[in-house]
Amino acid sequence: MIQRTTVRMRLCIAMLCVNIVFIWGNSLLPGEISGAFSQHLRDFLVKLFSIPTQSPSGGHGLLRKLAHFGEFCCLGLLLSWLLRMLRGKSWTHFAIPLSAGIAVACIDETIQYFVPDRGPGLRDVLIDTLGVCTGIILIWAFLLLRQKKKQKMKKQESN
């Protein structure tokens, strides 16, 4: 059991590092490059899903905000999973992964302050925080469902 947990913990830490490097790496991209990347991704998704496009060619703001939300949702999942492995079965530790997620978001926006054609935004920190909260809630829901399933199986075995 300890070996399995150690492997999971190492995997979680590695994925957490990759996630943070991805977040901060994207913030280091100058505005022109970041915008072009978003536009290419938008064009790909429009083509992939055959979405009729009526927005202007630069209208990829929603996609960028969804990307912020998604990458921080993953961060919330990973932070909660790691805390669960470190602290055990306590369900009261919402503040620790949330605080860490907000810290990553604030550093992310601070990085953008120093990058050409980029700038920090309070709205982005709020979107990032909502993403972290969603990730935390998703991991808790998954763990709660798994716990209930185990209890149900034990109850059936005892009958």
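**Note on Asn19, the nonpolar core and a pocket**

1. Start with Asn19. Beyond its neighbours within four places in sequence, Asn19 is in contact with Glu71, Cys74, Leu75 and Leu78. This comes from a predicted model.

2. Where does Asn19 sit? Its place is in helix α1. Asn19 has a relative accessible area of 10%. Buried means under 20%, so Asn19 counts as buried.

3. One partner of Asn19 deserves a look: Leu75. With residues up to four places away in sequence not counted, Leu75 touches Asn19 and also Leu16, Ile20, Ile23, Gly101, Val104 and Val132.

4. Leu75 also belongs to the largest nonpolar core, which has 18 residues. Leu75 is among those with the most contacts inside this core, along with Leu16, Phe72, Leu82, Val104 and Val132. Helices α1, α3, α4 and α5 (122-158) each supply at least two of the core residues. Which helix gives the most to this core? That is α3, with six residues. As background, nonpolar side chains tend to be buried together in soluble globular proteins.

5. Now the second largest pocket. Its volume is about 380 Å³. The lining counts 20 residues, and Ser34, Ser38, Arg64, Ala67 and His68 are the closest to the pocket centre.

6. Which helices line this second largest pocket with at least two residues each? They are α1 (2-27), α2 (31-48), α3 (61-87) and α4 (95-113). Helix α3 gives the most to this lining, with seven residues.

7. The lining of the second largest pocket is mixed by class: seven nonpolar, seven polar and six charged residues.

Key:
Residues numbered from 1 in each chain as written. Predicted model: local features only at pLDDT ≥ 70, side-chain atom pairs only at ≥ 80, totals over all residues. Heavy atoms only, no water. 1 Å grid on protein atoms, 1.4 Å probe; cavity = no way out; pocket = protein on both sides within 12 Å on 5 of 7 lines; lining within 4 Å. Points joined across faces, edges and corners; volume = space filled by probe spheres on them. Helix = DSSP H or I, 4+ residues; strand = E, 2+ residues; numbered from the N terminus. Nonpolar A, V, L, I, M, F, W, Y, C, P; charged D, E, K, R; others polar. Core = buried A, V, L, I, M, F, W, Y, C linked by side-chain atoms within 4.5 Å. Buried < 20%, exposed > 50% of the residue type's maximum accessible area, 1.4 Å probe, protein only. Contact = heavy atoms within 4.5 Å.
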